[in-house]
Every structure is written in C-alpha cells, then in structure tokens.
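Me: I have a chain to look through and want each label justified by its cut-off. Please set values against definitions.

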Amino acid sequence: MMEFIRKRSSNVKNDILSGLTVALALVPEAVAFAFVAGVDPLVGLYAAFMIGLITSIFGGRPGMISGATGALAVVMVTLVARGNAMGAEGDELGLYYLFMTVILMGVIQVLAGVFKLGKFVRLIPHPVMMGFVNGLAIVIFLSQLSMFMTPENGEMVWMEGTALWTMIGLVGLTMAIMFGLPQITKKLPEALMAILVVSAIVIFGDLEVATVGSFIRDGGGQGLHGGLPLPQWKIFDKIPMNLATLKFIGPYALILAAIGLIESLMTLNLIDELTETHGNGNKECIAQGGANILNGFFGGMGGCAMIGQSIINIKSGGRGRLSGITAALALLAFILFASTYIEMIPIAALVGVMFMVVTGTFAWSTFKIINKVPLSDIFVIVLVTVLTVIFDLAIAVISGVIVSALVFAWENSLMIRARKHTDDHGIKHYEIYGPLFFGSIELFNSKFDVKDDPKEVVVDFAESRVVDQSAIEALNKLAERYQKNGKTIHLRHLSADCVKLIKRAEKICDVNVLEDPDYFVAIDDYNKALERV
C-alpha cells in the first residue's frame, strides 16, 4: 500500500475528491473530540474548518490535514471543567477559558516557528517514530470501538444480535471496497466511493443503523447545522485579563502547544516519507499557531495535524494544498447547507474508513525487525507505543527521546580508548579514540597511570572529540594530578573552542591547537619537551 501511495500524482481531480472524502471523515471525529472536551459539537467543527483551511494555505506540508484532535481534547476536558467551576451554573466560563487558552497556545506555536524550533524534530529517533505511529494507530482503533455501542436506559452498552452483525457487515463492506477498488481502477477515490455505496445501501434499504445525526443527538448535540463562525468578543467580558488568569491557562497552553507541535511535526515527517517530498517544519509551526489564534477568537477548540485524515488524504491521491482547502470548505458547506444529508451517512462507513487508516498507519515492519535491531530500539518502540495509548503523545515522545539519548550516551561512554607507547626519548604518548563526555570520563581517567608515567606525557586528541563541560573539567583535573606529581602533560589536537574553555589547564599544562587533525605534534613544543628530558 505504501508503494501505491508514493505513485499517486498530484492533480486537481485527485485533490478535490480526496478533500471531499476527508471532509466526510472529519465530521464524526470533530464531533467526538468536542464531546470529549465537554463542548458543543459546532465548536469542534468550527475548529476543524478554520485550522484546516489556514494550515492548508499557509502550512509547510501540502497534503497534510489538520483539525480538532483527541490528543488535545483529553487535556481540554480538565480545563473546561475547572473553568466552569469558577462561575455560576450556565455561565459557561470553561468554554471562554478554553478559547483564551487556545489563543495563548497559538502564540506559543508561532514563537516556536519564528525561533525555528521545528528543526529539533530531527532529534527524534526512528524507533520513537515507529512507536508514535503504532500508538496512534491503536488509539484510532480504540476510539472507533465506541461506535459499536448504543444507548440503552441512559447508558451506552455494546451492540448485540442483528444490530451488531449489521454494523460489522457494513464496516467489512466499506473495507472491502477500499481494498478492492484500487485493484480495478485507481481513478476513483476508494474511501469516498465506499462511503457513497454503503450510505446508499443503508438509505435505500431502510436499515436501522447509527448515523452521523443519531451519533450527535446521542451525545447531547442538536445537530450539524450552524452559521458562519463569529468573533467571540465575550471572551474579554467573561474572562478577567490579569495575572491570575495567565497562571490558570498558562500551563494548559504550554501543554497543548507542545502536544500540537509534536503531533504536527511528526505527522509532517511521516507524510514526507510516504510521498518522498520535503515539508517545512518551521513554516508549519507558524501556520498552526496562527490558525489556533484565530480558532480562539472565532469560537473553535483549536487543533493540530491529524495523522488519520492525512493518511486518508494521501491514500486518496491528495497531494497539493487544494486537497486540504477542499476538505475545509466542504466541511463548512456541510455545516451551512448540507447538514441534513451528512447526518444520514452511516457511522459504519466512517468506521470502516478509519479501520483502513489503522492498517495503513501501523508500522507492520515492527514485527519483522524484532530480531534484527538492538533490544534497546525494540524497548523504545514498545515504550512509546504504550505511553501514547495510556497517556498522550507528548509524554510518549519525550520519554522515548530521553531513553534513546540515555542508551546512546551509555553506548558511547564505552567507546573511549587509549593507545599507549613510549618513544625513544622516554616521552609517553596517549592517543585517545572516541568521544570524551560526561558518560566516558570514568573510563577515560582509568587509562592513565599518573604515578608511574615519565616526566613528560603527551595526550593526543586527533581521533577524539571533547564534547561537553564535564569532559573539560576532567582534563583540568587530569592536568592537576600530573602537576601534583611534578610532571608535565601536553594536550594535542584539541579544537579551538575547547581550548578557550580550558582555563586552569592552560596554566598548568601545555595546550597545542592544530587545525589539521592529521598534523603531528608541533616541533617547537616537542623539542622543548626533549630538552627537559
């Protein structure tokens, strides 16, 4: 399937049709995430429209779809609840605190783009990326299981009997169409065709199944129909602009901004790999931030890149900015003019589409590499996958990066080596190999025999690199040890930036800086050493 995705070329027809498909899939997702956050469904739909439109026009990754996401919604639910508790019943202060938080979140994201922090996504190792897509695939799958539940006596219970089998059959038919249609023709978007066929079967067959409309009403919503999003000037009347408000919304804004940027930038990298093109991370940060600022002002719940809808888009042939623009405008058209018809779409068709997204998102190659990569990489993949499912994306990715960094540091700490020899003049040489940093200091110090070394010692760093302040301090202490024993140490082939930081060592040992790492010890200094011997 990945090869098929790479071969889909960008054209107007593909972009428009894939955009329509994405718009249909966005509806239940945006509504569901609005319910999770504890706000009206239109707040989620407006968010999907605004952030999708702005990032499609100005973002750094054509073909990537953004909207309201579950990763952000799970953080917002606490914010909204706490905000509501600050006012009287019916004031809906939580909603206005949410809007203000989304504005601050956007400002933080714009600053991240301005200061070019998007480049740091390159520090995310591939095992973390694999864990990320696996975790999100599982989260998407689990989120669809709730669609197999139905309300009964005010509670949601699992479907049984005919209702369950009808649901399974329609989901299976949707997946079969999406799998089989590309084998016949690649000119038709398989996801859109599957939705249309299954919808026609349900409508003309008069089948009693859950639809988008019933899903919204079961969640307490009134329907999809609404007007254009309008500025929410009430924010400034409802919410006091003071330090107390900033202290309340600040931590939420930081968390939401971090989650949004991480998910967006990692989705950008994934789409880059699938389409063999290159996006601009910093530009995407600015576009996401600007979109969220407008989201807050116009009554949206904010959002970020959506990996599921992005996969649907590129799999359906969407490559250009037109696909995202079409999806956003179609979503707005649904709200304004076509809510009645969209509410007739069976949930089963959309669940089938999302299940196909799950199969396309999950990195099945994980099972093939288990016996071929280091155990630490497998641990990171599993760790990130599990944390993504249990907690959220930010915690999972940051934990994965930290573990990967610790593993890297440990492995490199064992790489420090020293080749020793004494020349004809009785001067002992230590040729250092491998990086010298905080993790390798202990092993580095063990290489030297200060008491039994001769009066003159040369330490050559031509094949080494002094990495951090801990390493520089280790050199200072090594020089002091030789000085206390009445001996002189010569440090060779240190980089210029390292020598500038070695203050005490310059006073108690001879430091030589040479640009060419293959150049030998300076003759003048070497001759002085011979004279002392």
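Reply: The chain comes to 23 helices and nine strands. Helices (H or I, at least four residues) and strands (E, at least two) are DSSP runs, numbered from the N terminus. This is a predicted model, in which local features need pLDDT of at least 70 and side-chain atom pairs count only at pLDDT 80 or more, while totals for chains, interfaces and linings use all residues. Residues are numbered from 1 along each chain as its sequence is written, and side-chain values use heavy atoms, with hydrogens and water left out.

Me: How do you know what radius of gyration a compact globule of 533 residues would have, and what does the chain have?

Reply: The globule rule is 2.2 Å times the number of residues to the power 0.38, with the radius taken over C-alpha atoms. For 533 residues that gives a value near 24 Å, but the chain has 30 Å. Along the principal axes, the C-alpha atoms fill a box of roughly 100 × 60 × 45 Å.

Me: Why is Phe99 called buried or exposed?

Reply: Buried means under 20% relative accessible area, exposed over 50%, and partly exposed in between (1.4 Å probe, protein chains only). Phe99 has 2% relative accessibility, so it counts as buried. Phe99 is placed in helix H5, residues 93-114. Contact means heavy atoms within 4.5 Å. Leaving aside neighbours within four places in sequence, Phe99 is in contact with Val43, Gln232, Ile235, Gly296, Gly299 and Gly300. Val43 is 56 residues from Phe99 in sequence, and their C-alpha atoms are 10.0 Å apart.

Me: What makes Phe355 buried or exposed?

Reply: The relative accessible area of Phe355 is 11%, so Phe355 is buried. This residue is found in helix H16, residues 347-361. Outside its neighbours within four places in sequence, Phe355 is in contact with Phe141, Gln144, Phe148, Val171 and Met175. Gly172 and Phe355 are 183 residues apart in sequence, with 9.5 Å from C-alpha to C-alpha.

Me: And why does Phe35 get its accessibility label?

Reply: Phe35 has 25% relative accessibility, and therefore counts as partly exposed. Phe35 is found in helix H2, residues 12-37. The C-alpha atoms of Phe35 and Phe334 are separated by 19 Å, and the two residues are 299 apart along the chain. Over the chain, 53% of the 533 residues count as buried.

Me: What makes the phi of Lys116 worth a remark?

Reply: Most residues other than glycine have a negative phi. Lys116 is not a glycine, yet has a positive phi of about 55°. Lys116 lies in the loop between H5 and helix H6 (126-145). The relative accessible area of Lys116 is 49%, so Lys116 is partly exposed.

Me: Which label does Glu276 get, and why?

Reply: Glu276 is at 60% relative accessibility and so counts as exposed. Its loop runs between helix H11 (243-275) and helix H12 (281-297). Glu276 is also a residue other than glycine with a positive phi, near 55°.

Me: How do you know that strand E2 is paired with strand E3?

Reply: Two strands pair if DSSP finds at least two bridges between them. Four bridges join E2 (residues 149-152) to E3 (residues 155-158), and the strands run antiparallel. Thr150 stands opposite Val157 in E3. The hairpin of E2 and E3 has two residues between the strands, and Asn153 takes a positive phi near 55° there.

Me: What makes strand E6 a partner of E5, and in which sense do E6 and E7 pair?

Reply: Six bridges join E5 (residues 417-422) to E6, and these strands run antiparallel. Arg417 stands opposite Tyr433 in E6. The hairpin of E5 and E6 has five residues between the strands, and Gly426 in the turn has a positive phi of about 85°. With strand E7 (residues 456-466), E6 pairs in the parallel sense over eight bridges. Glu431 stands opposite Asp460 in E7.

Me: What makes E6, residues 428-436, mostly covered?

Reply: Eight of the nine residues of E6 are buried.
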